[in-house]
Amino acid sequence: MFEVSRSHVSEPHIIISTNYCSVFLDGVTINSKIISSNSPISHYMEEGDVMKSTKRNANVCSNCKWPKINGLVNVPYKLTEDFSSDEKQQIQNSMSSFHLNTCVRFVPQSTQSSWVNIVKNSGCWSWIGRTGGRQDLSLGSGCVTHGIIQHELIHALGFWHEQSRTDRDLYVRIHLENVLDGYQRNFDLHETNNLNVPYDYSSIMHYGSLDFSRNNRFTITPIQTSATIGQRVQMTENDILKINKLYDCDSYLHKDGEWDNKLGEPFTTKCPRGQAISHITR
Ligand SMILES: [Zn+2]
């Protein structure tokens, strides 16, 4: 075995940054950011940033998966011209993090009849899974960050928030008495398929402790007191594992079912639990 300096591992146009596995130094809770961005339109939303659908299936996405073509999940997308070139680059960089770690491929929409239309609307929000036809995903003001882009794209792939899992009461306590009036339903459970992946406090899909608080007191607290929730820096190994399991990305899974980074074999490695994959810079 030998050590390889990751800063020198490169592929054409891709540089893997040095903070390959990183703890969450940034205490910003993404959901708070999403919620504040969404406040004028939140009555159209479920859970703060999920567009309400009358036809969604409660099961995590039994019929709203994106199609697989030659082993790769194709998610066509369009970026509107409202984004600056820097913002477009950021969105594409965030998409690349899925390309490196999952069999999901965001591809420019051409003739496909279903696609994600990424707009600069009011707030950050998405539909859950493929709805059919054009489906908007908004990255409004304050939403074009790596973590928020990943968060909304994971919704579009078919996932609800982590704390809406059916087993969440084993892991978190909900304090409805501190929740803003009218927003209590954002803490409902959803019938989810957890894909045999452990509950993940660090998930990029988890609410933060103060989300939807009416009095600056906690609305959700981890039962495991050392855990922190609400990070919006980047997706975790379990976020990635769930995507790979939902979409049967077999070649991105270990034989024993554990996830391993796919950052240019043979330089694969695995981040310790609770740490996130590196961000990827071009
Ligand atoms: Zn969300």
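I started with His155 and His161, and both turn out to be buried (under 20% relative accessible area; over 50% is exposed, in between is partly exposed, with a 1.4 Å probe and protein chains only). Note to self: this is a predicted model, where local features need pLDDT of at least 70, side-chain atom pairs count only at pLDDT 80 or more, and totals for chains, interfaces and linings use all residues. Residues are numbered from 1 along each chain as its sequence is written, and side-chain values use heavy atoms, with hydrogens and water left out.

Next I looked up the zinc ion. His155 and His161 each coordinate the zinc ion through NE2, alongside His151 (NE2) and Asp49, which is listed twice with OD, at 2.0 to 2.2 Å. Donors here are N, O and S atoms within 2.8 Å of the metal (3.2 Å for Na, K and Ca), and sites may look incomplete because water is not among the atoms. Along the sequence I read the donor spacing as D-x101-H-x3-H-x5-H.

Then I turned to salt bridges (a side-chain nitrogen of Lys or Arg within 4 Å of a carboxyl oxygen of Asp or Glu). I found eight in the structure.

Arg134 pairs with Asp136 at 3.0 Å, N to O, and Asp136 is buried at 17%.

For Arg168 and Asp169, the closest N and O atoms are 2.7 Å apart. Arg168 is buried at 7%, while Asp169 is partly exposed at 48%.

Arg185 and Asp188 bridge at 3.2 Å between closest N and O atoms; Arg185 is exposed at 65% and Asp188 partly exposed at 29%.

Last entry: I traced a salt-bridge network linking Glu162, Arg165, Asp167 and Lys242.
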